[in-house]
Amino acid sequence: MASPGKDLKVAFLLDFYGELLTEKQREMVDLYYNEDLSLGEIAEITHISRQGVRDSIKHGETQLYEYEQKLHLAQRFPEMEQGFQQIQELCRGLRYYGQRHVYSRQIIEMAEKIEEIVRTLRTSETTDRQDGEKGENPGGF
């Protein structure tokens, strides 16, 4: 858990844009925000000065905020998640309707296909994030 005074939005932005930072910046920001280590502790682990750690974190924070200002991925994420939930609810309604009417097999199949697309989109997003955390290139780039 992050210490009071730390902007938790930075940790959230790191999930979205961390792979765009240098390895050093990503490591420092992660240790500071996600592992809740102090500047001194990070300096000891990484064998660089406390000021060097601070500078790296500040540059990383600046980059993360700039990426979000331009791309708005983190801002749009809750809206997209809510949209996925609404799509799934509508699909459940379509399936229910389709099961009540004899000639509605196509409705059920369409609802199932839409739900599969949503599952695939959610899974690929989760996989991309996990790959990013492991240092792999998401999306095969």
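**Close-up views of a six-helix model**

**View 1. H72 sits in the loop between α4 and α5**. At 32% relative accessibility, H72 counts as partly exposed. That class lies between buried, under 20% relative accessible area, and exposed, over 50%, with a 1.4 Å probe and protein chains only. The model is predicted: local features need pLDDT (the predictor's confidence in each residue, from 0 to 100) of at least 70, side-chain atom pairs count only at pLDDT 80 or more, and totals for chains, interfaces and linings use all residues. Numbering starts from 1 along each chain as its sequence is written, and side-chain values use heavy atoms, with hydrogens and water left out. The backbone of H72 has a positive phi, near 60 degrees, in a residue other than glycine. Most residues other than glycine have a negative phi.

**View 2. H47 lies in the loop between α3 and α4**. Its phi is positive, about 60 degrees, although H47 is not a glycine. H47 counts as exposed because its relative accessibility is 71%. Another positive phi of about 60 degrees belongs to D36, just after α2.

**View 3. Helix α2 covers residues 23-34**. Helices here are DSSP runs (H or I, at least four residues; strands are E, at least two), numbered from the N terminus. The expected span is 1.5 Å times one less than the number of residues. For the twelve residues of α2 that gives 16 Å, and the end C-alpha atoms are 15 Å apart, which agrees. Buried positions in α2 are Q25, M28, V29, L31, Y32 and Y33. The cover over them includes α1 (8-17), α3 (39-46) and α4 (50-71). An α-helix has 3.6 residues a turn, so residues three or four places apart point the same way.

**View 4. Q25 belongs to helix α2**. Q25 counts as buried because its relative accessibility is 13%. A contact means heavy atoms within 4.5 Å. Leaving aside neighbours within four places in sequence, Q25 is in contact with S56, H59, G60 and Q63.

**View 5. T46 is part of helix α3**. At 17% relative accessibility, T46 counts as buried. Not counting residues up to four places away in sequence, T46 touches E27, M28, L31 and V53. T46 and E27 are 19 residues apart in sequence; their C-alpha atoms are 9.4 Å apart in space.

**View 6. The structure holds five aromatic pairs**. F16 and Y17 form a tilted one, with 6.3 Å centre to centre and 45 degrees between the planes. Y17 also pairs with Y67, again tilted, at 5.9 Å centre to centre and 40 degrees between the planes. Y17 lies in helix α1 and Y67 in helix α4, so this pair ties together parts that are 50 residues apart in sequence. Rings of Phe, Tyr and Trp (its six-membered ring) pair if their centres lie within 6.5 Å; planes under 30 degrees apart count as stacked, over 60 as edge-to-face and the rest as tilted. F16 and Y17 are buried. Y67 is buried as well. One aromatic cluster is formed by F12, F16, Y17, Y67 and F77.

**View 7. The largest nonpolar core has 22 residues**. Y33, I42, V53, I57 and L64 touch the most other members. Two or more residues each come from α1, α2, α3, α4 and α5 (73-100). The largest share, six residues, comes from α1. Such a core is a set of buried Ala, Val, Leu, Ile, Met, Phe, Trp, Tyr and Cys residues joined through side-chain atoms within 4.5 Å.

**View 8. The whole chain gives the context for the close-ups.** It has six helices and zero strands. Of its 141 residues, 30% are buried. Among contacts between residues at least 6 apart in sequence, 57% join residues at least 24 apart. The accessible surface comes to about 9,700 Å² (Shrake-Rupley method, 1.4 Å probe), and 53% of it belongs to carbon and sulfur atoms. Mean pLDDT is 83, with 82% of residues at 70 or more.

**View 9. Residues 137-141 stay under pLDDT 50**. For this stretch the model has two contacts beyond four places in sequence. Where pLDDT is low, the predicted coordinates should not be read in detail.
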